[in-house]
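Q: Please take one strand of this model and go through it closely. I would like to know which sides it shows, what it pairs with, what it gives to the core, and what the backbone does where the strand ends.

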Amino acid sequence: MVVRPRSLIHLVLAAAVVTAALLLAGCGGGSATSTVSSATNGGGSATSTGAASAPATSAPRSGHVKIDISNFMYSPAVLKVKVGSTITITNEDETEHTATSNTEGVFDTGTLEKGQSMSFKVNKVGSFSYHCSFHAFMHGTIDVVQ
Ligand SMILES: [Cu+2]
């Protein structure tokens, strides 16, 4: 009778793990030193994995908006903001991470150590996917709207 969201979450998690495993297997000797270049040639992961995620019905946020990196995940993974917003990305993990736009040059936090953060302003409307230069399975999207 009652719909159990737990099973759905379980499925999504399982899919994520499989995806991560495939991506890990795919990018063997990752060059952790170069940030942007290694990011761009990871083009094999361009298929839309987030298609089954929650509908983006939430209102866009504005002003100063935060994204946290924790447990090898961006939170929120999909962020909808108004153009002109300032985004601050903070690494809460022990491990170094980056948030690097898939399209080179849009934004790149560079290497964030534990507790470090980096801010940037979004001045262009569009959907900007990004990833971690060190961990190809880490993905996020910033949707910038009017
Ligand atoms: Cu990372």
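A: What follows is a close look at strand S1 and the turn after it. The model is predicted, and local features are described where pLDDT is at least 70.

Strand S1 covers residues 64-70, and its two faces differ in cover. Val65, Ile67 and Ile69 make up the covered face. His64, Lys66, Asp68 and Ser70 lie on the uncovered one.

S1 has a parallel partner in strand S4, residues 86-91, with 6 bridges between the two. It also pairs with strand S2, residues 73-75, this time in the antiparallel sense and over 3 bridges. Asp68 takes part in both pairings: Thr90 is opposite Asp68 in S4, and Ser75 is the bridge partner of Asp68 in S2.

The core comes next. The largest nonpolar core holds 16 residues, and Ile67 of S1 is among those with the most contacts inside it, together with Tyr74, Ile87, Ile89, Ala99 and Ile142. Two or more residues of this core come from each of S1, S4 and strand S8 (139-145). S1 gives the most, with 3 residues. As a general matter, nonpolar side chains in soluble globular proteins tend to be buried together. Ile87 ties the covered face of S1 to other parts of the chain: apart from neighbours within four places in sequence, its contacts are Val65, Ile67, Val81, Ser119, Phe120, Val122 and Ile142.

At the end of S1 the chain turns back into S2, in a hairpin with 2 residues between the strands. Asn71 is in the loop between S1 and S2, and its phi is positive, near 55°, although the residue is not glycine. Phe72 lies in that loop as well and also has a positive phi, about 60°, without being a glycine. Most residues other than glycine have a negative phi. Which class of exposure does Asn71 fall in? Asn71 has 9 other C-beta atoms within 10 Å, and the limit for exposed is 12 or fewer, so Asn71 is exposed. Phe72 has 14 C-beta neighbours inside 10 Å and therefore counts as partly exposed.

One further backbone feature follows at Ser75, the partner of Asp68 in S2. The peptide bond that joins Ser75 and Pro76 is cis, with omega about -5°. Most peptide bonds are trans. Pro76 is placed in the loop between S2 and strand S3 (78-82).

Conventions:
Residues numbered from 1 in each chain as written. Predicted model: local features only at pLDDT ≥ 70, side-chain atom pairs only at ≥ 80, totals over all residues. Buried ≥ 20, exposed ≤ 12 C-beta atoms within 10 Å, placed from the backbone. Helix = DSSP H or I, 4+ residues; strand = E, 2+ residues; numbered from the N terminus. Pairing = 2+ DSSP bridges. Core = buried A, V, L, I, M, F, W, Y, C linked by C-beta atoms within 7 Å. Contact = placed C-beta atoms within 7 Å.
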